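Student: Hey, could you walk me through this one? I'd like to look at it together.

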Amino acid sequence: MSAYDLNDNQCGPYGDASLEQLAFLVDEAARTACAIEQLSRRVHVTLPDAYEIQRQSIALRVMRGERLTGFKMGFTSKAKMHQMGVDDLIWGRLTDAMGIDDGGDLVLQNYVHPRVEPEICFLMKKPLSGKVTLLEALAAVEAIAPALEIIDSRYEAFRFSLQDVVADNCSSSGFVIGPWSKPDMDVSNLGMVMSVNGRDASLGSSAAILGHPARSLVAAARCLGEAGESLLPGQILLAGAATEAVALQGGQTIRLDVDQLGSTAFTVMAANHDD
């Protein structure tokens, strides 16, 4: 069975697909904005399998000309870990094609059911991998910025297991980064307000990200080191969501304001560009 046979007029079924074929399936779902059935409902996928599917699916994007620009962390709150029945963070990959200009447009038809989360973003000046201290992690940072991450699980009804979400690049689909600030700024407890069309939609603090966003850097270094990867100079890390995600609809303007760090925003364009 070839990877192309998996489509069967839609985006499934999966049968006895190999990890390579499942990676192709996940990649096609993201590329064509087509919802698919959860992998875990058809095949047995371990967590290491899921990370390999993720790696191979992003490799397909790189083969098409995209460039790996960083990583994102997920499950950065104790509540989310408990909800998913896990005791560790998850991580995904970011490419340049996922980036949206600050103040730019998001085209709704390129996503299945997108949502947005407020985050803190780190830009690296030194490589970071393996077991590091908080001070070592902060010393590797070039700059810090407010950011919005667009998440968009390609699974039907936005439902998935741990293995499903990891295979699907931890739902990471896009990001918008605001102005960069110096790395010595204290970001341990900054107020964060995300608004939709000028109305507050979610309020939180950067402290919601593992108690301090820099702890996400420490966790990222450990997780990536265990996978044989590193955060490299010039790459970014999205530290994790500070509040619950907000569903996106055409005509919305999403804005994030972070104390001392500034703001970032984008506008959601309806699928037919008329709404």
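**Charged pairs first**

Tutor: Sure. The count comes to 10 salt bridges, a salt bridge being a side-chain nitrogen of Lys or Arg within 4 Å of a carboxyl oxygen of Asp or Glu. This is a predicted model, where local features need pLDDT of at least 70 and side-chain atom pairs count only at pLDDT 80 or more, while totals for chains, interfaces and linings use all residues. Residues are numbered from 1 along each chain as its sequence is written, and side-chain values use heavy atoms, with hydrogens and water left out.

Student: Okay, which residue does glutamate 229 meet in a salt bridge?

Tutor: Its partner is arginine 93, at 2.2 Å from N to O. Glutamate 229 lies in the loop between helix 6 and strand 10 (236-238) and arginine 93 in strand 2 (residues 90-95), so the pair ties together parts that are 136 residues apart in sequence. Helices (H or I, at least four residues) and strands (E, at least two) are DSSP runs, numbered from the N terminus.

Student: And are those two buried or exposed?

Tutor: Both glutamate 229 and arginine 93 are buried. Buried means under 20% relative accessible area, exposed over 50%, and partly exposed in between (1.4 Å probe, protein chains only).

Student: What about arginine 154, what does it form a salt bridge with?

Tutor: Aspartate 168, with the closest N and O atoms 3.0 Å apart. Arginine 154 counts as buried at 4% relative accessibility, and aspartate 168 is buried too, at 2%.

Student: Switching topic: how many disulfides?

Tutor: The count is 0 disulfides, taking a disulfide as a pair of cysteine sulfur atoms within 2.5 Å.

Student: Why no bond for cysteine 170?

Tutor: Because the closest cysteine sulfur, in cysteine 223, is 10.0 Å from the sulfur of cysteine 170, too far for a bond. Cysteine 170 is buried, at 5% relative accessibility, and cysteine 223 is buried at 6%.

Student: Now the inside. Which residues touch the most other members of the largest nonpolar core?

Tutor: That core has 66 residues, and those touching the most other members include Leu39, Leu106 and Phe266. A nonpolar core is a set of buried Ala, Val, Leu, Ile, Met, Phe, Trp, Tyr and Cys residues joined through side-chain atoms within 4.5 Å. Helix 6 (residues 213-226) gives the most to this core, with 6 residues.

Student: Last one: what's the strand order in the open sheet?

Tutor: The order is 4-13-12-8-9, 5 strands with mixed pairing. Two strands pair if DSSP finds at least two bridges between them. Strand 8 (residues 191-196) and strand 12 (residues 253-258) pair in the antiparallel sense over 5 bridges.
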